[in-house]
Amino acid sequence: MKVLEFKFHPRVKEFEVQGIKMIGNLVNGSIIGLDDKGKKLIELINQGIVNSKESLDEEETQLIDFMVDRGFFTEEITNLKAAYVHLTDRCNLHCVGCYSFVEERNTKDVLPYDSICFILKQLKLNGAEQIVFSGGEPFIRKDIVDICKFAKNDAKITNLHVITNGTMDYEKYVDAFPFIDELNISIDGFNEETQFIRDKGIMTKVIKNINYLKTKVPVSLIATIHSQNIKYVDKYLQLSKELGVGLSFSIFTVDPNDLMFKDFIFDNKGLLDFSNKILNLDKNVQILDMPTGEFELSCRRSCEVGKELISIGADGSIYPCHMLHDEELTFGSIFEISLKEALSNSDTPFRNLEVDNVNGCKDCEYKYLCGGGCRGRSWLYSKSFHEKDSYCPFIKNYYRNTISRLKESLHA
């Protein structure tokens with residue numbers, strides 16, 4: 001019997017969900033559901049003795065080849081993949097619960113063009129392939145065309161998204177559109193009359209602008225869902241279909257102790273209702289900032305915070321993600337410290353975040369599917385990265401039903 005050097009690296013986990021045996025690679029998210037033959041092959045690998053591939057049948061060979069291809073035997077280095085870059089704090093709207101709100105935002109200076117170019121170069125050098133320009137409102141900057149052009153032509157950013165509120169005079173910036181891979185328009189209402197968390201009377205202009213923009217650049221809408229508009233999810237879907245553009249949902253996430261937000265925060269029932277609704281959504285509709293926003297099951301040890309994802313503030317401060325622009329959490333300024341050093345610093349709480357170390361997650365059968373959820377929400381609700389996501393009922397219900405449906409389809 002020939003012994004092959006197949007040995008799982010430490011980030012490979014075996015687990016069971018609703019009676020389905022799975023093996024997953026926490027480094028890249030690859031996951032495999034195992035039948036009896038697959039489970040036996042995994043046992044042989046764990047014992048250190050596996051027959052040569054010539055002695056395996058076709059199914060076993062395919063499983064081995066898949067695991068080799070997906071890095072189950074060689075641990076990859078996790079690098080920065082994506083970053084938010086806040087081009088300005090300034091904004092022409094006054095949205096309730098804005099994740100990037102800062103006091104006196106409209107009196108703050110913006111970083112000069114050369115500084116933005118430096119930031120983009122540093123992000124690219126450290127591995128970032130996807131950049132999201134955010135704010136404030138990015139199109140308030142008069143040099144937005146030059147910034148987008150530099151991002152694609154000089155910094156060589158593979159995928160550039162820009163988030164905008166849909167109210168600007170976009171015809172002035174038409175030369176930016178060839179450099180934008182997707183324009184994400186945040187919306188509040190689902191028709192010209194509705195309004196929840198944004199300035200009144202803007203939806204007529206937003207819809208008009210969407211109809212103009214979709215002819216110039218790929219457009220996708222982002223609707224923030226909260227307790228006041230949860231019952232209108234279907235209306236947002238209808239709006240996106242009528243306009244012929246994509247749609248994602250973002251869940252209203254704020255400090256729960258701020259009384260300003262009390263009428264918009266979900267209770268557990270609202271979360272469960274929403275998770276039930278999204279099970280029937282078009283698979284192309286994502287839920288942002290949630291592990292359930294993926295198109296297929298993935299194996300996760302935590303969210304990407306501070307490792308594969310970071311956020312650069314409008315002053316150059318480095319934050320672990322766009323949900324955590326908290327001075328207590330900054331890595332420092334990108335103009336004063338090496339980004340590589342900031343990301344590799346073992347003293348940060350993000351390097352070794354593991355779902356197994358999150359309170360309330362250790363014994364959950366879904367833990368390697370959700371990775372503990374969003375550490376941003378954990379921080380907002382408990383000031384700790386080691387407490388489970390406050391929206392856990394939503395996430396668990398989603399996976400419980402998803403796996404149940406998967407089992408039904410396998411037996412159909």
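This is a short tour of three places in a predicted model: a residue in helix H1, a pair of helices and a loop residue.

Residues are numbered from 1 along each chain as its sequence is written, and side-chain values use heavy atoms, with hydrogens and water left out. Because the model is predicted, local features need pLDDT of at least 70 and side-chain atom pairs count only at pLDDT 80 or more, while totals for chains, interfaces and linings use all residues.

**Stop 1: Asn46**

Select residues 36-47, which form helix H1, and find Asn46 there. Helices (H or I, at least four residues) and strands (E, at least two) are DSSP runs, numbered from the N terminus. Asn46 has 46% relative accessibility, so Asn46 counts as partly exposed. The classes are buried (under 20% relative accessible area), exposed (over 50%) and partly exposed in between, with a 1.4 Å probe and protein chains only.

Next, show Phe8 and Glu14, which Asn46 touches when residues up to four places away in sequence are not counted. Contact means heavy atoms within 4.5 Å. The side chains of Asn46 and Glu14 also make a polar contact, at 2.8 Å. A polar contact is a pair of N or O atoms within 3.5 Å; within protein, one must be able to donate a hydrogen and the other to accept it, and residues adjacent in sequence count only if both atoms are side-chain atoms.

**Stop 2: helices H3 and H4**

Select residues 113-125 (H3) and 144-153 (H4), whose axes are 10 Å apart at an angle of about 25 degrees. H3 is therefore roughly parallel to H4. Axes are lines fitted to C-alpha atoms, for helices over the stretch in contact, and angles run from 0 to 180 degrees between N-to-C directions. Angles under 35 degrees count as roughly parallel, over 145 as roughly antiparallel, 65 to 115 as roughly perpendicular and the rest as oblique.

On the H3 side, pick Tyr113, Ile116, Cys117, Leu120 and Lys121; they meet Asp146, Ile147, Phe150 and Ala151 of H4.

Now keep H4 alone: seven of its 10 residues are buried, including Ile144, Val145 and Cys148. The buried residues of H4 pack against H3 and against strands E5 (130-134) and E6 (159-164).

**Stop 3: Thr88**

Move to the loop between strand E4 (82-86) and H3, where Thr88 sits. Is Thr88 buried or exposed? At 1% relative accessibility, Thr88 counts as buried. Around Thr88, leaving out residues up to four places away in sequence, the residues touched include Val110, Ser134, Arg141 and Ala314. Finally, show the backbone nitrogen of Arg90, 2.9 Å from a polar atom of the Thr88 side chain.
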